[in-house]
Amino acid sequence: MTRSVWLKADDAVGDWETRKRRITTGLEAGVDWVLVDDEDVERVRELGSVNVAAFRTDDGDVIEEADSEEPAEPDAYVVGKDGEGDGTVDLPEDFSGSADLSTIRRGNADAAYVRILDERYEAFAEEAAQDAEHTIVVGEDWTIIPLENLIARIGDETTLVAGVESAAEAETAFETLDIGADAVLLDSDDPDEIRRTVQARDAAERERLDLAWVTVTEIEEAGSADRVCVDTGTLMEDDEGMLVGSMSRGLFFVHAETAESPYVASRPFRVNAGAVHAYVRTPDGGTKYLAELSSGDEVQVVDREGHTRTAVVGRAKIEKRPMFRVEAETESGDRIETLLQNAETIKISTREGRTAVTDLDEGDEILAYLEEGGRHFGEAIDERIIEQ
């Protein structure tokens, strides 16, 4: 599931200057959508690149005057404001007579906006979700919004967008029922709140890996090889690195070069990842050969607890260097290995913490990511593949 953040910026927020400040902050923070009134679509387009949703307050069957300019089209029209969705117009007893739902079904709107005023509006949101590409639900009291019911009852036919007023509410929305809403609609002017909500989206998107301890069974000098330093456009923390290895079923956790050394300055954007043949894990759960990496590619950054995030490769630096062959045994008795540069600046994660590969001994336990099966062009496949 791809999560997203919508930012509410219609006339209920204030005048255009107030809305503009909110939108600009949202663009800088990285929101995915901005929800405005129809007349503001072109203004938002001028501010920057973002998906624009616009409230539609007519039925869509508007006849343009011959001399009028073609109005800017949003990426999605939203029905429900000043209508049945927000309670301005009473809900019909029979939803088949709903003007809002009719607008969606005729293709004149892509999304429904529904304030959950009571159980009838919850049922109305469920009905809208059958045809709407996006279903926005906003509770009068967010703490009792029946979001669990909607998540449980609404399937993949719509993007469920939960209205929130803070990053904390966004985090809860993304986590509800261990599935979460697909998106949140944030109503806040606070720049910090907007940024934290985007961070909550990113955190919800990240894969969490179960790392395992493996035991070093052999470490030996392996001569020289072409070694790859992966330099990213991201500054990494002390407990972060990448997963690399000679065998796709077992990738070793190699720390970023965040530590100071008497020999070289720290390079917190870099992971000295190993020889050109080795795999590195990518954000989609696949792998790439280190030799294939180039500027603009994405790699997965992981910390000792298995939290992941995405980093963009700035360059892959290949040089011939002396190497160690590191072999380890898993709890099940399988053997995995890789080649790492013979240098004290290359650190891996042991029970004692960050340890230079030059200080590794047989019997040491180090962190790795283990996976069954093999890889074909970087994709996991259920096939017997022998790597030795």
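## Close-up views of a predicted model

**View 1. Helix H1 and the residues it tucks away.** Trp16, Thr18, Arg19, Arg22, Ile23, Thr25, Gly26 and Ala29 are the buried residues of H1. In this predicted model, they pack against E1, strand E2 (33–37), helix H2 (41–47), E8 and H7. As for the shape of H1, its 14 residues should span 20 Å at 1.5 Å a residue, and the end C-alpha atoms are indeed 20 Å apart. Just after H1 comes Gly30, with a positive phi near 105°.

**View 2. Helix H7, a partner of H1.** H7 takes in residues 191–205, 15 in number, and reaches 21 Å from its first C-alpha to its last, close to the 21 Å expected at 1.5 Å a residue. Which residues of H7 are buried? They are Glu193, Ile194, Thr197, Val198, Ala200 and Arg201. These cover an arc of only 150° around the axis, so they sit on the same side of H7. What they pack against is strand E1 (4–8), helix H1 (16–29), helix H6 (167–175) and strand E8 (183–186). Look at the start of H7 too: a side-chain oxygen of Asp190 comes to within 2.9 Å of the backbone nitrogen of Asp192.

**View 3. The largest nonpolar core, and a second one.** The largest nonpolar core has 46 residues, and Val31, Val34 and Val36 are the ones that touch the most other members. Helix H4 (residues 119–129) gives the most to this core, chipping in five residues. Zoom in on Val36 and, leaving aside neighbours within four places in sequence, you'll find it in contact with Ala9, Asp10, Ile23, Val41, Val44, Val52, Ala53, Ala54 and Phe55. There is also a second, separate core of 33 residues, with Val216, Val228, Phe324 and Ala328 among them. As a rule, nonpolar side chains tend to be buried together in soluble globular proteins.

**View 4. Asp82 and its positive phi.** Asp82 is in the loop between strand E4 (76–79) and helix H3 (99–105). Its phi is near 55°, a positive value in a residue other than glycine. Buried, exposed or partly exposed: where does Asp82 fall? With a relative accessible area of 49%, Asp82 is partly exposed.

**View 5. Strand E10 and its three partners.** Eight of the eight residues of E10 (residues 240–247) are buried, so the strand is largely enclosed by the rest of the structure. E10 pairs with strand E11 (residues 250–255) in the antiparallel sense over five bridges, and a hairpin with two residues in between links E10 and E11. Within that pairing, Met242 has Val254 as its bridge partner. E10 also runs antiparallel to strand E15 (residues 298–303), over two bridges, with Gly241 opposite Val302. Strand E13 (residues 279–281) is antiparallel to E10 as well, joined by two bridges, and there Val244 stands opposite Val280.

**View 6. Arg270, a buried arginine with an aspartate contact.** Arg270 is in strand E12 (residues 270–275). Its relative accessible area is 11%, so it counts as buried. What does the side chain of Arg270 make a polar contact with? The side chain of Asp231, at 2.6 Å. Not counting residues up to four places away in sequence, Arg270 touches Cys229, Val230, Asp231, Met236, Ala256, Glu257, Arg315 and Lys317.

**View 7. Ala212 and a stretch far along the chain.** Ala212 is in strand E9 (residues 212–232) and, at 22% relative accessibility, counts as partly exposed. Ala212 and Tyr369 are 157 residues apart along the chain, yet 6.0 Å separates their C-alpha atoms. Ala212 also touches Ile366, Leu367, Ala368 and Leu370, with residues up to four places away in sequence left out.

**View 8. The E18–E19 hairpin.** Strand E18 (residues 347–350) pairs with strand E19 (residues 353–356) in the antiparallel sense, over four bridges. Two residues make up the hairpin link from E18 to E19. Ile348 has Thr355 in E19 as its bridge partner.

**View 9. Stepping back to the whole chain.** The protein chain comes to seven helices and 22 strands, and its C-alpha trace spans about 75 × 40 × 35 Å along the principal axes. Of the 388 residues, 51% count as buried. Take the contacts between residues at least 6 apart in sequence: 63% of them join residues at least 24 apart.

Notes:
Residues are numbered from 1 along each chain as its sequence is written. This is a predicted model: local features need pLDDT of at least 70, side-chain atom pairs count only at pLDDT 80 or more; totals for chains, interfaces and linings use all residues. Side-chain values use heavy atoms; hydrogens and water are left out. The expected span of a helix is 1.5 Å times one less than its number of residues. Buried means under 20% relative accessible area, exposed over 50%, partly exposed in between (1.4 Å probe, protein chains only). The arc is that of the directions from the helix axis to the C-beta atoms. Contact means heavy atoms within 4.5 Å. A polar contact is a pair of N or O atoms within 3.5 Å; within protein, one must be able to donate a hydrogen and the other to accept it, and residues adjacent in sequence count only if both atoms are side-chain atoms. A nonpolar core is a set of buried Ala, Val, Leu, Ile, Met, Phe, Trp, Tyr and Cys residues joined through side-chain atoms within 4.5 Å. Two strands pair if DSSP finds at least two bridges between them.
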